[in-house]
Structure formats: structure tokens, C-alpha cells
Amino acid sequence: MSTMPPATHSAIAENTWLHFYQMDQLQDAANQTVIVRGDNARIWDQNGREYIDALAGLFCVNAGYGRQEIADAVCAQIQQIAYVSPFSFPNLPAVELAARLAELAPLGSSPRVFFTSGGSEAVESALKIAKQYQRKLGFANRTKTISRRYAYHGTTMGALSVNGLPGVRNQFAPLVPGARHVSIPYRYRCNACQLATACTRGCTDEIEALIEFEGPETIAAIIMEPVQNSGGAIVPPPDYYRNVREICDRYGILMIMDEVITAFGRIGAWFGSEVFGVEPDIITVAKGLTSGYMPMGAALARKEIADVFGGDESDKLMHGLTFGGHPVAAAAANANLAIIEREGLNGRSHEMGNYLMQQLHLALDTHPNVGDIRGMGLFVALELVRDRQSKEPLQEERLMGWLSDQLKRRGVICRADDRLDPVIQLSPPLTIPREDIDEVVNVVAEVLHLMGQHVGSIPKLAPSLTAVPKLAATAVGKSETAIVHAAN
Ligand SMILES: Cc1ncc(COP(=O)(O)O)c(C=O)c1O
């Protein structure tokens, strides 16, 4: 029985518009989960049911829920001054944040920070900076971009255009012209090196071939995530980004790293670029910048790029956002970064990420439907296959909704996603206790065991799981509540 008043039910059923969501599912408002409270990696719904949030909201609550320190910083800033126009004045929390980001980012000395309200705007801003920069250098024809297939970079029209997800892009044509796409460095299924003993550089050769085909003088920028989310925590070979950097330098193309997910500890360092030993030209951030306590993003640009926008009135970047550098969001970000540093959460992500991977391997290495377990830091995915030998993707009608539902019933929120091949994605707060990781792994293994029974594979349970009680069979395809539908 729902504890929500009837007015809330009807507001959910009739007035609420969730994102990338089938609205029909809101009609059954009485059974809708409404999340009302959080503490560290745990969240509670309106009926007091507890879950482990193994997705950190949407890859963003890096410092965990319920941080009094961030609440206090936000409250103090609202009392001091709630809003300052970024078109006219700097504000103190945003200035402090810009200096901190400039110090941390692998962008050489004194990069500049252009603040936005979120990730799509950060990507949009980075693309506009790149295009206007190229024009200012005299390369007005450098208008094209290169990004990767199946990548997600946001939903505003520029960011959408560099997305590589057909389902997300297709309804909005014409998109920004000139967006070109290349293969993802996805060794598990890479056409170029899947069967080779080592990476053959096929993916970066493809980028170079595309540049030659289009004409180097037409390309403004390449944009990529250090570890690609869509498709399931796709980690490229170690030299991939150094090769991309070298290609960018050779052809005068700007390298943009979209670190909306990977920055602020998600893959074990302040910035994912550092992990791959590469210095891009522009970095986009959002999500973990405030750990989701306030909406905020940014595009960080190397000094040599930002300097081009100094000088005359006509030199300025023709771009702005009312809420860019919002002082309250910046105060939240400053408090959040202080927590990440003080509690060593970058290192913890690395350590707990290794533990999570190890436990997943222990529990699932013998499962016939788990083809690959991959990731970096606390950014991990399991790829589901018909069987390990053929690697045929496990495409079953409504499987994703069923998995989300089964996991949620057992108190774990994570994401089942089949925008590329079917995967389960895990990305908990960096503060998640070890016992919660154990519980997540047990629940995931239990649900995958049940799934294996339904799809007719013969899963052998790892010894630690033999104690799991037998589950009531539920038909695959009967998704009660597919909770995580978002396309990003
Ligand atoms: C890599 C990446 N870039 C950009 C975005 C867009 O961010 P936002 O949803 O804050 O606009 C996302 C969102 O998930 C993302 O994962």
C-alpha cells in the first residue's frame, strides 16, 4: 500500500514528465517508486524500503548521499547571495572552484573554466569553443567533428549530433552538420583486434583514414569519453588516447575529453585523462563535480585556446548561460571536492573497484551468460551473451526491464542497458562500504542465475552462492517496473 496522498498519485500520473521514460508506466502511480532519502550508498523510497544505489543516482553521487558539509555550504551561500550573473561579474565560490579545477586538470598551466548547468551544456560549450577557436585561427572550414559510435554526449542539438546512438539521434534530424563517427575501441568485439594477441591500432588507424577522407582542413575537434559508458564501461587499450593525441597534433584538430562521468574519482583519479597519460585540449565535466547535490558542469580549456578569446570585443566567445557558474552550485562543488580530497576517494575508487571486479569474477566467471566483466575504478559493466564461445549477444524481449525489476526487488539499483549489446552497469558512490559491494555482487549473481534458468543456459553457481535460497520463478518479459530507462 502506498503511503503517498491521492494528490501526489495524480500529479505523478498526469503531470510528471520523466526523462527518456515511457509515460504510461506512471499511470500506475500507486506502485511508482519515489525516492525520498539517502545516506551514503543507501536510498529509501516513500514506503521506507531500502536499496543500495549501485548507480550513484545516474553516475553522479560520487561522495555519497546525506553530506551535511555540502548542505551547510549550500545554505551559507544562499544566505550570502543566491545568484550572480555570469554575463557581468565573477562570484567568489565560482572563482575558487575555477582555480581548483585549473590546478587539478591535466591541461597544462592556467586553463580557463567555462561553467554550465550540466553535462550536455558542457559538451555544447566545448564544441562551440572548438569551432570558434578554429575560425579565429583562420580555419573557418574546420567545422566537422569526430566522435564514436554508440557514445552518449548529451541531448542538446550540438551534443546530440556527436552522439553515436541511432535511437537517441534519429527523431531530431537535421542535426548539426559535419558530425562523423568512428568505431569504439571495444576489444571484446573489435573487428580489428578481437582475435589478435594485442591491439592492432585498427581503431586509431580508422580515425586517421576518416580525417584523410574528409580532408584534415575540415575537422575542428575529436570528442571521446576516457571510458565509454554506453555499451558498458568500454576501456580502450592503454595507448589509444596517446595515439589520438598524436593524430590531433599532426592534423591541427582539438582533442576534447568528455569526462562528465569519468572525472572526480569515478575511474580512480581526478580526471580519466590522467589515467591514460594524456593531456587533451578541452575537458568537459558535470555529474561528480557536485556529486549531484546541485546541477553544474563545465568546459575546461587550455590557456592557449582560451587566450584566443581575449583581445578585442569581437574576439570574445559568443556563448553564455544564465546559470553558468551559479554561486550556490559552485559552493556545493567546492565542498564536494574538499570531501573527495580529504577522504581519498580517488584512491578508494581504485581500491574498491578492484575489489568489486574480483568479487564479480569470483561469483560469475563460470556463468555461461556473462561474456565479459570490465571497467575501471568504480565504473564497471557485465556483458550478457547467449554463450561465452559464440559471444552472441543475449537479446531477449524486455530482458532489460526484467533485470532492473529483479535487482530492485532484491534491494539493488543498477542499470540494465542494451543500447549496444546487453550489459549491467555498476557505478556506486565512491564511499560504498565493502559489505554493500558484497551484497550488490550477491544480488547480481542471484538475479543472473535466475535469468540463466529462464534463458535455458545451465549456470554453475560459484561455491559462495550455493547458500542463496531458491527463487520463485518469474517469467522473463514481465517487467513490473523497469526503473532505469534513461538513454544517457
Ligand atoms: C559522457 C556524457 N556526456 C554528457 C552527458 C550529458 O550530461 P547531462 O545529462 O548532465 O546533460 C552525459 C550524461 O549522462 C554523459 O554521460
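## Helix H13 and the antiparallel sheet

In this predicted model, helix H13, which spans residues 345-364, lies across strands E11, E12 and E15 and runs at about 175° to E11. The sheet to which these strands belong is open and has 4 strands, arranged in the order E11-E12-E15-E14 with antiparallel pairing. Strand E11 (370-376) and strand E14 (415-417) each have a single partner strand and stand at the edges, so one side of each is left without a neighbour in the sheet. On average, and with direction ignored, neighbouring strands of this sheet are turned by 20° against each other.

Within the sheet, strand E12 (residues 379-384) and strand E15 (residues 423-426) run antiparallel and are joined by 4 bridges. Along this pairing, Leu 382 stands opposite Ile 424 in E15.

## Helix H13 against helix H15

Besides lying across E11, E12 and E15, helix H13 also meets helix H15, and the axes of the two helices come within 10 Å and cross at roughly 30°. Because angles under 35 degrees count as roughly parallel, H13 is described as roughly parallel to H15. The crossing in which H13 passes H15 is right-handed.

On the H13 side, the residues that meet H15 are Met 352, Tyr 355, Leu 356, Gln 359, Leu 360, Ala 363 and Leu 364, while H15 contributes Arg 434, Ile 437, Asp 438, Val 441, Ala 445 and Leu 448. Sorted by class, the contact of H13 with H15 comprises 10 nonpolar, 1 polar and 2 charged residues.

## Helix H14 against helix H15

Helix H15 (residues 434-455) has a further helical partner in helix H14 (residues 399-409), the two axes coming within 10 Å and crossing at roughly 135°. That angle makes H14 oblique to H15, and the crossing of these two helices is right-handed. The contact is made by Leu 403, Gln 406 and Leu 407 of H14, together with Val 443, Val 444, Val 447, Leu 450 and Met 451 of H15. The residues of the contact of H14 with H15 divide into 7 nonpolar, 1 polar and no charged.

## The surroundings of helix H14

Helix H14 is mostly covered, with 10 of its 11 residues buried. The buried residues are Leu 399, Met 400, Gly 401, Trp 402, Leu 403, Ser 404, Asp 405, Gln 406, Leu 407 and Lys 408. Leu 403, Gln 406 and Leu 407, which H14 brings to its contact with H15, are among these buried positions.

The packing partners of the buried residues of H14 are strand E3 (50-53), strands E13, E14 and E15, and helix H15. After the helix comes Gly 411, whose phi is positive, near 85°.

## The mixed sheet

Strands E3 and E13, against which buried residues of H14 pack, belong to an open sheet of 4 strands in the order E1-E2-E3-E13, where the pairing is mixed. Its edge strands are strand E1 (35-39) and strand E13 (412-413), each of which pairs on one side only.

At one end of this order, E1 and strand E2 (residues 42-45) pair in the antiparallel sense over 4 bridges. One of the residues in this pairing is Gly 38, whose bridge partner in E2 is Ile 43.

Key: Residues are numbered from 1 along each chain as its sequence is written. This is a predicted model: local features need pLDDT of at least 70, side-chain atom pairs count only at pLDDT 80 or more; totals for chains, interfaces and linings use all residues. Axes are lines fitted to C-alpha atoms, for helices over the stretch in contact, and angles run from 0 to 180 degrees between N-to-C directions. Angles under 35 degrees count as roughly parallel, over 145 as roughly antiparallel, 65 to 115 as roughly perpendicular and the rest as oblique. A crossing is left-handed if the near helix is turned anticlockwise from the far one by less than a right angle, and right-handed if clockwise. Two residues are in contact if their C-beta atoms, placed from the backbone, lie within 7 Å. Ala, Val, Leu, Ile, Met, Phe, Trp, Tyr, Cys and Pro count as nonpolar, Asp, Glu, Lys and Arg as charged, and the others, Gly among them, as polar. Two strands pair if DSSP finds at least two bridges between them. A residue is buried if 20 or more other C-beta atoms lie within 10 Å of its own, exposed if 12 or fewer, and partly exposed in between; C-beta atoms are placed from the backbone.
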